[in-house]
Structures are given as C-alpha cells and as structure tokens.
Amino acid sequence: KKSRNVITRLASCLRRQAFCANVEMIFAKVPIIKFFDKISSCDVDININNIVGIKNSFLLRSISLADDRIPPLVIALKAWAKSHDINSAFMGSLSSYLLVTMMI
C-alpha cells in the first residue's frame with residue numbers, strides 16, 4: 001500500500017515535468033510508472049521497493065559491460081519487439097528482461 005502511495009505521488013510530480021510525456025501508472029504485482037523521456041527519446045519504467053528488479057538491472061548492466069556488442073543488439077531487439085507489439089508484459093506479451101535474457 002505504501003508503494004502505491006509513493007508511485008501515485010511520483011507520477012503526479014512527473015506529469016508536471018516538461019521532459020515527461022505519456023505518464024501512466026500501472027498497478028500490477030509490482031506497481032510501476034511508465035513515461036516517455038523527451039530529452040533522451042527513451043521509454044522509462046520506474047518501480048518502487050522491488051529488490052528483484054534491482055538485481056535484474058544489475059545483471060543486465062554487468063553483461064552489457066562485458067561485451068561491447070550487447071548494447072546495440074539489445075537496442076535492436078527491443079525496437080524489433082516494439083514494432084511487432086510483443087514488448088509489454090503487463091499487456092500479456094513479453095517483458096524486455098525476458099527478451100534480453102533469451103537473446104544472451
């Protein structure tokens with residue numbers, strides 16, 4: 001319940017920022033905020049109090065640092081998945097994490 005409150009307040013703050021577009025809250029098993037960062041032209045997901053997510057992010061970062069070929073391949077894979085509408089776990093398709101770990 002506390003995470004839900006934090007997510008709601010953070011989403012409200014992000015909606016007032018010029019660099020954020022399409023801010024939405026998703027109250028799934030792990031509540032997240034999704035938005036588009038206009039500065040970097042990237043989609044962003046934020047979650048609160050998700051230790052597994054932090055460990056998964058660390059693993060992916062470590063792998064990307066181990067081989068220079070990984071980051072551009074991940075970007076291409078994610079673009080491909082997005083163009084085929086199979087990159088949204090909360091909508092019933094595949095998560096970015098799953099796609100990347102399958103690739104590796």
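Me: What percentage of the 104 residues in the chain do buried residues make up?

Reply: In this predicted model, buried residues make up 22% of the 104 residues in the chain. The accessible surface of the chain comes to about 7500 Å², and carbon and sulfur atoms hold 60% of that area.

Me: What makes Phe35 buried?

Reply: The relative accessible area of Phe35 is 8%. The limit for a buried residue is under 20%, so Phe35 is placed in that class.

Me: Why is Phe19 called partly exposed?

Reply: Phe19 has a relative accessibility of 29%. Buried requires under 20% and exposed requires over 50%. The value for Phe19 falls in between, and therefore Phe19 counts as partly exposed.

Me: How do you know that the rings of Phe19 and Phe35 form a pair, and why is the pair called edge-to-face?

Reply: The chain has 1 aromatic pair by the rule applied here. The ring centres of Phe19 and Phe35 are 6.5 Å apart, and the rule accepts centres within 6.5 Å. The planes stand at 70°, whereas edge-to-face calls for over 60 degrees, so the pair is edge-to-face.

Me: Which parts of the chain does this pair tie together?

Reply: Phe19 belongs to the loop between α1 and β1, and Phe35 to strand β2, so the pair links parts that are 16 residues apart in sequence.

Me: What makes up the largest nonpolar core?

Reply: The largest nonpolar core has 8 residues: Ile7, Ala11, Leu14, Cys20, Val23, Ile33, Phe35 and Ile48. Two or more of these residues come from each of α1 (2-15), β1 (20-26) and β2 (32-37). The greatest contribution is that of α1, with 3 residues. Nonpolar side chains tend to be buried together in soluble globular proteins.

Me: Which residues does Cys20 touch, not counting residues up to four places away in sequence?

Reply: Cys20 touches Leu14, Phe35, Phe36 and Lys38 on that count. Cys20 also has a bridge partner in β2, namely Asp37.

Me: How do you know that β1 and β2 pair?

Reply: Pairing requires at least two bridges between the strands. β1 and β2 are joined over 5 bridges, in the antiparallel sense. The requirement is therefore met. Among the bridge partners are Glu24 and, in β2, Lys34. The two strands form a hairpin with 5 residues between them.

Me: What is the order of the strands in the open sheet, and why do β1 and β3 (42-47) stand at the edges?

Reply: The sheet holds 3 strands in the order β1-β2-β3, with antiparallel pairing. β1 and β3 each have a single partner strand, so one side of each is left without a neighbour in the sheet. From one strand to the next, the twist averages 20°.

Me: Where does α1 lie with respect to the strands?

Reply: α1 lies across β1, β2 and β3, and runs at about 165° to β1.

Me: What pattern does the chain follow along the sequence?

Reply: The pattern is α-β-β-β-α-α-α, in keeping with a chain of 4 helices and 3 strands. The C-alpha atoms fill a box of roughly 40 × 30 × 25 Å along the principal axes.

Me: Why is Val30 called partly exposed?

Reply: The relative accessible area of Val30 is 31%. That value is neither under 20% nor over 50%, so Val30 is partly exposed. Val30 lies in the loop between β1 and β2. Leaving aside neighbours within four places in sequence, Val30 is in contact with Asn47 and Asn50.

Me: What makes Ser41 exposed, and what is notable about its phi?

Reply: Ser41 has a relative accessible area of 53%, and exposed means over 50%, so Ser41 is exposed. Ser41 lies in the loop between β2 and β3. Its phi is positive, at about 60°, although Ser41 is not a glycine.

Me: How do you know that Asp85 is exposed?

Reply: Asp85 has a relative accessible area of 64%. The class begins over 50%, and therefore Asp85 counts as exposed. Asp85 is found in the loop between α3 (70-83) and α4 (96-103). Asp85 has a positive phi of about 55° although it is not a glycine.

Terms used. Residues numbered from 1 in each chain as written. Predicted model: local features only at pLDDT ≥ 70, side-chain atom pairs only at ≥ 80, totals over all residues. Heavy atoms only, no water. Core = buried A, V, L, I, M, F, W, Y, C linked by side-chain atoms within 4.5 Å. Buried < 20%, exposed > 50% of the residue type's maximum accessible area, 1.4 Å probe, protein only. Contact = heavy atoms within 4.5 Å. Axes fitted to C-alpha atoms, helices over the stretch in contact; angles between N-to-C directions. Areas by Shrake-Rupley, 256 points an atom, 1.4 Å probe, with all protein chains shown as cover. Phe/Tyr/Trp six-rings, centres within 6.5 Å; stacked < 30°, edge-to-face > 60°.
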